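Reader: Hi! I have a structure open and I'm new to this. Could you walk me through it?

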Amino acid sequence: MKLLTISHPCVTPINQQFFAEVERQTGWELCLIIPSNWKNEYAQHLVPKRWSQYQGQLQSIPVWQSGNIPLHLYRSHFLRLLRKFQPDVIYVHHEPYALATTQIYIANALSIRKPIGFFTWQNIVKSYPFPFQKMQKFVLNNSHFAVSGSYSAQKGLEEKGYQGKSIVLPGGVDLE
C-alpha cells in the first residue's frame, strides 16, 4: 500500500512521528509532502527536517501564503507528482475549506482519481463566503474518508452534510 500525505504540520519533525509509526505497524510505503518555506505563529521560518524514525519519502515544496493555514497554496499543480508516486490513497492533513486541500483534490480528480480524505479539528459549524463554501462542499462530496480530531469535530462534519466514512483520531501526547 502506498500512502501520500500532504501536511503543513509535518514541516516540524515531531509531527512526522505518527507517520513513522504507521510505517512501522503497516509496512506501507509513505510519501510526505511538506512546505519548504513555512512560517510558524512566531514568524519564524521553519526549515524542513526529517524525524529520525520516519523512513519514507519526504518532499518539500514551496508555498504561497506561508504560515496561513487556510490560505496557503503549494507552488505545484501536483499532477506530475501524483502520476509519479502512484499512491493507493491520498491523505490531506488540512481542513476541508483550505485552499491547499482543494488544490490536491482537484489534482487528484484531474489525474489518478485515487481514494482521498482530509483532517479536521473544526468543531463549530461556520458559514463561509464564496469561494470557500464551494471548495468545502467539493471536498466533502469527493472524500472517501475523513479524520476528525474530536467527536465534536466529527459531529460538525455531519452537520455540514458529510456522509462518508469518518474516524476520530485525537492528538496524542508522547510522555517520553
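**A chat about the fold**

Author: Happy to! This is a predicted model. Seven strands form an open sheet in the order E5-E2-E1-E8-E9-E10-E11, and their pairing is parallel.

Reader: Nice. Which strands are the edge strands?

Author: Those are strand E5, residues 57-61, and strand E11, residues 165-168, each of which pairs on one side only. From one strand to the next, the twist averages 20°.

Reader: Can you zoom in on one pair? How many bridges are there between E1 and E8?

Author: There are four bridges, and they join strand E1 (residues 2-6) to strand E8 (residues 89-92) in the parallel sense. As for Ile6, its bridge partner in E8 is Val92.

Reader: OK, helices now. Which strands does helix H3 lie across?

Author: Helix H3, residues 99-110, lies across E1, E8 and strand E9 (116-120). Relative to E9, helix H3 runs at about 170°.

Reader: I clicked on Tyr162. Where does it lie?

Author: You'll find Tyr162 in the loop between helix H5 (151-159) and E11.

Reader: And is Tyr162 buried or exposed?

Author: Tyr162 counts as buried because its relative accessible area is 6%, and the cut-off for buried is under 20%.

Reader: Which residues is Tyr162 in contact with, leaving aside its neighbours within four places in sequence?

Author: Leu140, Ser143, His144, Phe145, Ala146 and Leu157. There are polar atoms to look at too: the side chain of Tyr162 reaches the backbone oxygen of Lys165 at 2.8 Å. A polar atom of that Tyr162 side chain also lies 3.4 Å from the backbone nitrogen of Ala146.

Reader: How far apart are Tyr162 and Leu4 in space?

Author: They are 22 Å apart, C-alpha to C-alpha, and 158 residues apart in sequence.

Reader: Changing topic: what is the volume of the largest pocket?

Author: About 1200 Å³. The largest pocket is lined by 41 residues, and the closest to its centre are Phe18, Phe19, Tyr91, His93 and Phe119.

Reader: Which elements give two or more residues to that lining?

Author: Helix H1 (17-26), strand E3 (38-39), E8, strand E10 (145-148) and E11. The largest share comes from H1, with five residues.

Reader: Cool. Now backbone stuff: which peptide bond is cis?

Author: Look at the one from Phe130 to Pro131, which is cis with omega near 5°. Pro131 sits in the loop between E9 and helix H4 (132-141).

Reader: Why is a cis bond worth pointing out?

Author: Because most peptide bonds are trans. In a similar way, most residues other than glycine have a negative phi.

Reader: So which residue has a positive phi of about 60° although it is not a glycine?

Author: That is Gln65, which is in the loop between strand E6 (63-64) and strand E7 (73-74). Another one to check is Gln86, not a glycine either, with a positive phi of about 50°. Gln86 is in the loop between helix H2 (79-85) and E8.

Reader: Why do Gln65 and Gln86 count as partly exposed?

Author: Gln65 is partly exposed because its relative accessibility is 48%. For Gln86 the relative accessible area is 35%, so Gln86 is partly exposed as well. The partly exposed class lies between the cut-offs of under 20% for buried and over 50% for exposed.

Reader: Thanks, that helps a lot!

Key:
Residues numbered from 1 in each chain as written. Predicted model: local features only at pLDDT ≥ 70, side-chain atom pairs only at ≥ 80, totals over all residues. Heavy atoms only, no water. Pairing = 2+ DSSP bridges. Axes fitted to C-alpha atoms, helices over the stretch in contact; angles between N-to-C directions. Contact = heavy atoms within 4.5 Å. Buried < 20%, exposed > 50% of the residue type's maximum accessible area, 1.4 Å probe, protein only. Polar contact = N/O pair within 3.5 Å; in protein donor to acceptor, adjacent residues only side chain to side chain. 1 Å grid on protein atoms, 1.4 Å probe; cavity = no way out; pocket = protein on both sides within 12 Å on 5 of 7 lines; lining within 4 Å. Points joined across faces, edges and corners; volume = space filled by probe spheres on them.
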